[in-house]
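The following exercises are to be worked through with the sequence and the structure at hand. Each task is followed by a solution in steps.

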Amino acid sequence: MLIILMIFLIISSIMVLLVKRNKESFYIFGMCISLAIMLTGILLYIAKKGGISRELQDFLYFNNNIKISIQYFVITLGQMGYIIAIGRYLFPMFLLLLSLHYSMIPLFQRNYWIKRVIVFIPIFTLILYYPTIFFGITNLNENIQRIITYGTVIWIVSFIIFSTFLLFYEAHSIVIRFFKKKFILITSFVMSLCIFYFLYFGQDPAQVYSFYSYENGIYYLKNVLSVPAYILLIVLNVIFGIIGFTSIIKYTREIFESSREEITIQRKFDAISTGTSVFVHSIKNQLLSNRVLFKRLKSTMESNVDVDVEKLKELTESLSKQNENILTRIEELYRAVKSNVVHLVPVDIHVILINSLDRFYQKFPDIKVDFEFSTTSNVLADKVHLSEAVYNLLINAQEAVSALHENGEINLHCYDSRQFTVIEVKDNGIGISKNEAKKIFEPYYSKKNSNSNWGMGLHYVRMIVKEHFGSIRFESEVNKGSSFYILLPKYKG
């Protein structure tokens, strides 16, 4: 069982590191590998120490043959003890670094000396426990060994308690549901690693160095392991193994699917962008020619007294408006497929939202949008493009509401959430099905009438948000509504 757990740790760490190469994955990789190293040293120590029950032996090694092979593996006591030391003292270091990486508390974000102290303590302990140095300092003096042992236990437990506090505080502080769900997954995996660590971390390297003089061991080296204790040990290992494995699988799958979706959308867009640009340019020239014809027709009809001039003027004005609408949509389509240049400058987020609302009310003067503004933040943004992106989300919300209600609700909410300034557009409209959710950001995908909708709105929004170093997320339930979130990095000017 313990060997399987070690294999699981190694595989899990590699999975995370391959899927997402950043500090977060590096810290998780360090936790898994350090825990696996510690368990490797413990298995060597138990095999060579002996004196365990047959049931526990099978639990640790599967069978006696594997145990005997490990027992006669050639290794010195110093090497075996230091293997345990490496895993034992690096695990809490990586755990606390990961917790600080997630934490949005300003004190821990800005003070880099805290991380230096966190790294220094385990490294100093590893130097202290190096066999030659350790024997030179303690000279097998039990009192000095006891002081070092208790000291290391104190900082290990302190690191883990503080890390747990930071993780749970961060989980409690996250208000956006899909972020909270993702964070709970990775926190569950981290907590399962902590449980494994606590089950075995009581093995001090000094006990290994004093192999022949140290008679007693921690709980798993007792000569007689009680049946309830044995059952509890197995249950704890199995339960937290399942929790950890399930959490990391879900976490890596979400990251992988997100990355795959990004690649798919980009490939589809690249494949059609060139042809679409040519198409749009041709259509645009034709419509410009039509505009000239409209003007000539209007001029001719107004000079002819034998016709119903008012009726002709009404028709030509309608045709002119229709032509202008088509030109506007062509411009939007052309802008979406053409490389955009955004000029990012500090902008009051309130100004951007007011501009978006003004445009929305020009098109829907009778529709009310509930507007809540809970931040005074500036953002680094292109005012024109970002306003257009929010406007597109408001238009989509109105269309979703009108498809289900006569008087639906549209909410525009802006607030700060940890490291983000969030723009939320919420409606109680028709919602988005799971099948549609996979396609809504793809270019030219639309369930609406293609004569009046090009299916480029959400793709354009997504592209603009990415140009602002942000991201867009959404939550939706069919016939209950949708919430779209634009997440922009906080600007610190």
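**Exercise 1.** Determine how the span of helix 2 relates to the value expected at 1.5 Å a residue, and state what follows the helix.

Solution. In this predicted model, helix 2 comprises residues 23-49. From the first C-alpha to the last, its 27 residues reach 39 Å, close to the expected 39 Å. Next, consider its cover: 19 of the 27 residues are buried, so helix 2 is mostly covered. Finally, just after helix 2, glycine 50 takes a positive phi of about 70°.

**Exercise 2.** Classify the packing of helix 2 against helix 4 and identify the residues that meet.

Solution. Begin with the geometry: helix 2 and helix 4 (residues 64-71) pack at an angle of about 95°, and their axes are 8 Å apart. Angles of 65 to 115 degrees count as roughly perpendicular; the two helices are therefore roughly perpendicular to each other. Turn next to the contact. Helix 2 contributes Leu43, Leu44, Ala47 and Lys48, which meet Lys67, Ile70 and Gln71 of helix 4. Sorted by class, this contact has 4 nonpolar, 1 polar and 2 charged residues.

**Exercise 3.** Is isoleucine 66 buried, exposed or partly exposed, and how many residues along the chain lie between its position and that of alanine 47, expressed as their separation?

Solution. First, place the residue: isoleucine 66 lies in helix 4. Its relative accessible area is 29%. Because buried requires a value under 20% and exposed one over 50%, isoleucine 66 is partly exposed. As for alanine 47, it is 19 residues apart from isoleucine 66 along the chain, and their C-alpha atoms are separated by 9.5 Å.

**Exercise 4.** Describe helix 7 by its span and its buried residues.

Solution. Helix 7 covers residues 112-128, 17 residues in number. It reaches 25 Å between its first and last C-alpha, close to the 24 Å expected. The buried residues of helix 7 are Ile114, Ile118, Pro122, Thr125, Leu126 and Leu128.

**Exercise 5.** Classify the packing of helix 8 against helix 9 and describe the contact by residue class.

Solution. Helix 8 (residues 131-138) and helix 9 (residues 142-173) pack at about 125°, with axes 8 Å apart. Since this angle falls in none of the ranges for roughly parallel, perpendicular or antiparallel, helix 8 and helix 9 are oblique to each other. In the contact, Phe134, Ile137 and Thr138 of helix 8 meet Ile144, Gln145 and Ile148 of helix 9. By class, this contact has 4 nonpolar, 2 polar and no charged residues.

**Exercise 6.** Locate phenylalanine 469 and asparagine 479, and state the phi and the accessibility of each.

Solution. Most residues other than glycine have a negative phi. Phenylalanine 469 nevertheless has a positive phi, near 60°. This residue is found in the loop between helix 17 (457-467) and strand 6 (471-477), and phenylalanine 469 is exposed, with a relative accessible area of 63%. Asparagine 479, also not a glycine, has a positive phi of about 65°. Its place is in the loop between strand 6 and strand 7 (481-489). At 47% relative accessibility, asparagine 479 counts as partly exposed.

**Exercise 7.** Summarise the chain as a whole.

Solution. The chain contains 17 helices and 7 strands. Of its 493 residues, 44% count as buried. Of the contacts between residues at least 6 apart in sequence, 76% join residues at least 24 apart.

Notes
Residues are numbered from 1 along each chain as its sequence is written. This is a predicted model: local features need pLDDT of at least 70, side-chain atom pairs count only at pLDDT 80 or more; totals for chains, interfaces and linings use all residues. Side-chain values use heavy atoms; hydrogens and water are left out. Helices (H or I, at least four residues) and strands (E, at least two) are DSSP runs, numbered from the N terminus. Buried means under 20% relative accessible area, exposed over 50%, partly exposed in between (1.4 Å probe, protein chains only). Contact means heavy atoms within 4.5 Å. The expected span of a helix is 1.5 Å times one less than its number of residues. Axes are lines fitted to C-alpha atoms, for helices over the stretch in contact, and angles run from 0 to 180 degrees between N-to-C directions. Angles under 35 degrees count as roughly parallel, over 145 as roughly antiparallel, 65 to 115 as roughly perpendicular and the rest as oblique. Ala, Val, Leu, Ile, Met, Phe, Trp, Tyr, Cys and Pro count as nonpolar, Asp, Glu, Lys and Arg as charged, and the others, Gly among them, as polar.
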